[in-house]
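Colleague: Please take one part of this model and go through it closely, then place it in the rest of the chain. A connected account would be more use to me than a list.

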Amino acid sequence: MSHPEQPPAVTVDRLPVPFPETALLLDVREPDEWQAGHAPEAVHIPMSDIPSRTGEIDNQSEVYVVCKAGARSARVVEYLNRVGFEAINVDGGMLAWQAAGRPIERDDDSHEPRII
């Protein structure tokens, strides 16, 4: 039985700290998820907006794509790599990011940042 090829992926512990100029962390979760808590250096473009907003993504950068657990970001990675980007899925998503002790923040101070 053949398996569809998995998109390139990296675990949180292998992500660069801090992110170099040549790399980008792209968060593709929904706006309410982003608002609740996100990585400080991430760029937010919800998954459904990716096709219309790829012009906002630097195609000279390595693009690390993150969602909550890794499924949506894997689909975005497949799409971006098809249209000429060098995209890598963040395995385990923001849940793994938080579990690894990586920082998360909110854009407002109304609540503690969290991953929903």
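Modeller: Leaving out residues up to four places away in sequence, Ala23 touches Ser61, Glu62 and Tyr64. The model is a predicted one, and this group of contacts is the part I will follow. Ala23 lies in strand β2 and is buried, with a relative accessible area of 12%. Ala23 and Val63 are 40 residues apart in sequence, yet their C-alpha atoms are 5.9 Å apart in space.

Ser61, one of the residues that Ala23 touches, is found in the loop between α2 (50-53) and β4. Ser61 is buried as well, with a relative accessible area of 6%. Residues up to four places away aside, the contacts of Ser61 are Glu21, Thr22, Ala23, Leu24 and Glu86.

Tyr64, also touched by Ala23, leads to the aromatic residues. The structure holds one aromatic pair. Phe19 and Tyr64 form this pair, which is edge-to-face, with 5.5 Å from centre to centre and 80 degrees between the planes. Phe19 is in the loop between β1 (9-11) and β2 (23-27), whereas Tyr64 is in strand β4 (residues 62-66), so the pair ties together parts that are 45 residues apart in sequence. Phe19 and Tyr64 are both buried.

The loop that carries Phe19 has another feature. Pro18 lies in the loop between β1 and β2, and the peptide bond from Val17 to Pro18 is cis, with omega near -20 degrees. In general, most peptide bonds are trans.

Phe19 and Tyr64 also belong to the largest nonpolar core, which has 17 residues. The members that touch the most other members are Leu15, Phe19, Leu25, Tyr64, Val90, Met94 and Trp97. Two or more residues of this core come from each of β2, β4, β5 (86-91) and α4 (93-99). A second, separate core has 15 residues, including Leu24, Val28, Val76 and Ala87. Nonpolar side chains in soluble globular proteins tend to be buried together.

Val90 shows how the first of these cores is connected. With neighbours within four places in sequence left aside, Val90 is in contact with Val10, Val12, Leu15, Leu25, Tyr64, Val65, Val66, Gly70 and Ser73. Next to Val90 in the numbering is Asn89, whose place is in strand β5. Asn89 is buried, with a relative accessible area of 5%. Not counting residues up to four places away in sequence, Asn89 touches Pro8, Ala9, Val10, Val65, Gly70, Ser73, Ala74 and Val77. Val10, Val65, Gly70 and Ser73 are thus found among the contacts of Val90 and among those of Asn89.

Trp97, named above among the core members with the most partners, has a charged residue over its ring. Arg102 lies over the face of Trp97, at 4.9 Å from the ring centre.

Another arginine, Arg72, is found in helix α3 (residues 71-82). Arg72 is partly exposed, with a relative accessible area of 23%. Residues up to four places away excluded, Arg72 touches Val28, Arg29, Glu30, Glu33, Met47 and Cys67. Val28, one of these contacts, is a member of the second core. The C-alpha atoms of Arg72 and Gln35 are separated by 18 Å, and the two residues are 37 residues apart along the chain.

It remains to place these parts in the whole. The protein chain has four helices and five strands, and from the N terminus on its elements run β-β-α-β-α-β-α-β-α. Among contacts between residues at least 6 apart in sequence, 64% join residues at least 24 apart. The pairing of Phe19 with Tyr64, which joins parts 45 residues apart in sequence, is of this long-range kind. Of the 116 residues in the protein chain, 43% are buried.

As for overall dimensions, a compact globule of 116 residues would have a radius of gyration near 13 Å, and the 14 Å of the protein chain agrees with that. Along the principal axes, the C-alpha atoms fill a box of roughly 45 × 35 × 25 Å. The accessible surface of the protein chain comes to about 6600 Å², and 48% of it belongs to carbon and sulfur atoms.

Notes: Residues numbered from 1 in each chain as written. Predicted model: local features only at pLDDT ≥ 70, side-chain atom pairs only at ≥ 80, totals over all residues. Heavy atoms only, no water. Phe/Tyr/Trp six-rings, centres within 6.5 Å; stacked < 30°, edge-to-face > 60°. Buried < 20%, exposed > 50% of the residue type's maximum accessible area, 1.4 Å probe, protein only. Lys NZ or Arg CZ within 6 Å of the ring centre and 35° of its normal. Core = buried A, V, L, I, M, F, W, Y, C linked by side-chain atoms within 4.5 Å. Contact = heavy atoms within 4.5 Å. Rg over C-alpha atoms; globule rule 2.2 N^0.38 Å. Areas by Shrake-Rupley, 256 points an atom, 1.4 Å probe, with all protein chains shown as cover.
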